[in-house]
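Q: Could you walk me through one part of this structure up close? I'd like to see what goes on around the metal and the cysteines, and then what lies beyond them.

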Amino acid sequence: MTNQQPTYSPFDPEVIADPYPVYRDLRHNAPVYWSPDANSWVLSRYEDVSAALADPAAYSSASGIFPTPPGVDMTELFLPMLIMTDPPRHTQLRHLVSKAFTPRRIVGLEPQIQTLVDDLLDQAPSAETWDFVSKFAGPLPAIVIADMLGVPREDRDRFRTWSTTLIQSNPTRGEFGAGLDAAAALYDYFKTFLEERRAHPQDDLMTALVHAEVDGQHLSEDELLGFCLLLLVAGHETTTNLLSNSAVVLAQHPESRRQLADNPELIPAAVEELLRYDSPVQGLARTLTRPADLHGQRMNAGDTVLLLFGSANRDDRAFPDPDCFNIHRAPERQVAFGRGIHFCLGAALARLEARTALEALLARRRDWDVDLDSAVRLRSGPIRGYASLLVH
Ligand code: HEM
């Protein structure tokens, strides 16, 4: 800990490699910190992040959830998305999509996910070094969400390429080009698809979304397209990163890994701790609708505020000994899925995928190593994970 003002940029490669020391510094010395690089205020303490998430009237999502350069409006770049709306429209949209994204639909996926996990692991060369991301952590959630939507299997690879390009574009630096092209390609693809489902309903999420109705209201075409894109990006990059981060954390904690292999019933609680300890979504932004004073600092209406979930989850005010990975902790208050009205719609699905994946992995191999020297980190600030991770 230092007594000087910390320096924090979410896009600094050193921060991307290990953000936790600077988070600690922020929490202690600058709990309301202005990051010129992110063009945002940064909140790092658990109570402050939670309070902001609980107050969507003051902390709005309508101008986007990633910090952007001055003058850039994310909402002009993408079609309307649930995650970028405030009440009352958010309440209506969430109600509509929840009708299609039901717990029953998620639970019903378990056998399919199990088979997929086994198939992918059967193909991973057990004796050699293999890329955990491209062979397992990437394809698993991508195939699950594509199957759920009803996308044909032959289009899977294109999907993952578009989605990865989109998430890797860096809005804070104004690097939109490739990301927007990928979004446009996805919109075009989904448009044809929606028309097809309208004419020929199937038993899939896409059909359910087209027909979802609340008080005689349907999703508009733009809202449908925006939601498909959101599902694709939110639904697979994040889970990919949870799996990759988990492979690393468990390799670094062999005693915990052994306990999980011997006692698979501990895996669901371990997934919660993995989410807390190395959160796949490190932070998302809000825009203030009115001035706010916090810890003696005035933030103005219109300012962007970055809420650091990854730091909140390591705050010793909320979690004793927070830098210790402890599979017996049961961190019910962790905020890796956010909180409040925008709480992750796919949390149950992500938990199911992670549990199934870890069960199968640990049943087959109890002692993998990860090669961190050759690992390639994602360079997207808010999303924490790997583009490539060799295991052996
Ligand atoms: C480990 C995996 C995942 C993590 C860490 C994660 C994280 C998050 C977070 C932090 C939010 C809150 C956003 C905010 O407050 O602005 C969120 C929202 C959302 N997530 Fe996830 N997510 C994961 C997996 C999934 C999956 C598998 C899906 C869908 C298939 C999904 C779909 C969504 C959607 C649609 C929202 C927007 C909800 C709303 O605005 O009402 N996520 N997620």
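A: Sure! Let's start with Cys344, which sits in the loop between helix 16 (309–312) and helix 17 (347–364). Keep in mind that this is a predicted model. The SG atom of Cys344 is the single donor that the protein offers to the iron atom of the ligand, at 2.3 Å.

Now, what about bonds between cysteines? The structure holds 0 disulfides. Take Cys228: its closest cysteine sulfur is the one in Cys344, but that is 16 Å away, so the two are too far apart for a bond. To count as a disulfide, the two sulfurs would have to be within 2.5 Å. Cys228 is also buried, with a relative accessible area of 0%. Cys324, on the other hand, counts as partly exposed, at 32% relative accessibility.

Cys228 brings us to another spot, since its number falls within helix 13 (residues 221–252). So what does that helix pack on? There's an open sheet of 3 strands, in the order 4-10-9, with antiparallel pairing. Strand 4 (130–131) and strand 9 (370–377) are the edge strands, each pairing on one side only. Helix 13 packs on this sheet and touches strand 9 and strand 10, and its direction makes about 40° with that of strand 10.

Let's finish with how strand 4 is held to its neighbour. Strand 4 and strand 10 (residues 386–391) run antiparallel and are joined by 2 bridges. If you want a pair to look for, find Asp131: its bridge partner in strand 10 is Leu390.

Technical notes: Residues numbered from 1 in each chain as written. Predicted model: local features only at pLDDT ≥ 70, side-chain atom pairs only at ≥ 80, totals over all residues. Heavy atoms only, no water. Pairing = 2+ DSSP bridges. Helix = DSSP H or I, 4+ residues; strand = E, 2+ residues; numbered from the N terminus. Contact = heavy atoms within 4.5 Å. Axes fitted to C-alpha atoms, helices over the stretch in contact; angles between N-to-C directions. Donors = N, O, S within 2.8 Å, 3.2 Å for Na, K, Ca; no water. Buried < 20%, exposed > 50% of the residue type's maximum accessible area, 1.4 Å probe, protein only.
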